[in-house]
Amino acid sequence: MTTEQIRLDRGGGVRTPEFATVREDLGTVLGGTVVITGLAIDGWAHKNVITTLEGFFTPYHAVLYTGYAITTAWIVRMAYRRRHRFPEWWRDGWPYGYRLGMIGALVFALGGFADMIWHETIGFEVGLLPSFSPSHIVASVGGILLGTSPLRSWWGTGEGGLRSLAGVLSMTYAVMGALVMLNYGASMMTTAPTQEYEPVVGVDYGGIIDTPEEFLAVQGVASYVITTLLLTIPLLLMHRRRAVLGAGTALAAGVVVRLMVINEFPQPYLTVCLAAIVAAFLADIALVRLDAVRGADAPLRLPIAGALYAALVCAGQLVGLQLTVGVRWPAEMWTGIVVLVAGLGALLGGLAARPAPVAVRT
């Protein structure tokens, strides 16, 4: 039994943890599906329908908070069902990974209450403002903690099959929730590489002059870095547990669904998003195959996974832009950004890897 599979009881002894059943994990994911659906249509409404004069009580919020209520009631029921083994079930009855989920439910409720006060006094945010609303940030953090309970459950058991499916979907919903705070930084929604960039050197100023093209290029590079972090970190966390075909694809598809719903499926972004999904699927196939050939304990497993996934997803987006509009960045930039995110993915993989055991000579 590993340290991930035990905990101390209040008397100081070691107790085998209580795990949720696969059905319970899938039920939590089903509730999370309602939450993330409400989040998507609420994001669409913020961008396309609602004015700053709207209040809190809207049909879009109704779906979101109904999903929250269903998910919270489901996990409370899970603890209550264990009351015959844990008389103080509200404290000790939570299955592995779900205690933090209940804390997340309380944080979400706090953020939701603050959001109601905010909207009823100030109004709805539009444009970039929803990403920076304090109440939205608090609610998003709470929702991520709540929604990733099946992920932690999967981590605790290490099982495959439906358990890993619940874990992957749970992580995908968490990434979609995090996108609430990072909509402005998604590389799928930038056309910066389609704009020509030529640095302007000012002799009179002794250096390069900052131009609108310069700022657009910087924004484009930053968006690829942000998206690499958003997708590669969760992929590596799941890959550290086990290689799951479709894990990276699900993450990319989750980001795509949220962005496309909010923005009503515009071109050339739709093609870029589809290319990113295809590239993520190719990365999934490669990662599963590498594990089959090299083994799950192979040296540099996670750095290779991080570099491969990040590079392919980034390259896929650039291919999508090339097919629709055409990439006009200099060769140094469009090739360099792929190498840059590959290096970042490798670095993240190195940070995610367990330290190698140190042999001590006696």
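Hi everyone, this is a short walk through a few helices, a loop and a surface patch in one structure.

It is a predicted model, so local features need pLDDT of at least 70, side-chain atom pairs count only at pLDDT 80 or more, and totals for chains, interfaces and linings use all residues. Residues are numbered from 1 along each chain as its sequence is written, and side-chain values use heavy atoms, with hydrogens and water left out.

Let's start with helix α10, residues 247–263. Helices here are DSSP runs of H or I, at least four residues, numbered from the N terminus. Its 17 residues reach 25 Å from first C-alpha to last, close to the expected 24 Å; that expectation is 1.5 Å times one less than the number of residues. Is α10 largely enclosed or not? It is largely enclosed by the rest of the structure, because 13 of its 17 residues are buried, meaning under 20% relative accessible area with a 1.4 Å probe, protein chains only, whereas exposed is over 50% and partly exposed in between. Just after α10 comes Glu264, with a positive phi near 65°.

Next, α13, residues 331–352. Among its buried residues are Met333, Ile337, Val341 and Leu348. What do the buried residues of α13 pack against? They pack against α9 (212–241) and α12 (301–324), where contact means heavy atoms within 4.5 Å.

Now to the loop between α7 (149–157) and α8 (162–178), where you'll find Gly160. Gly160 counts as partly exposed because its relative accessibility is 30%. Its C-alpha is 9.7 Å from that of Ala243, 83 residues apart along the chain.

Last, Leu282 in helix α11, residues 269–294: at 48% relative accessibility, Leu282 is partly exposed. Thanks, everyone!

Terms used:
Helix = DSSP H or I, 4+ residues; strand = E, 2+ residues; numbered from the N terminus.
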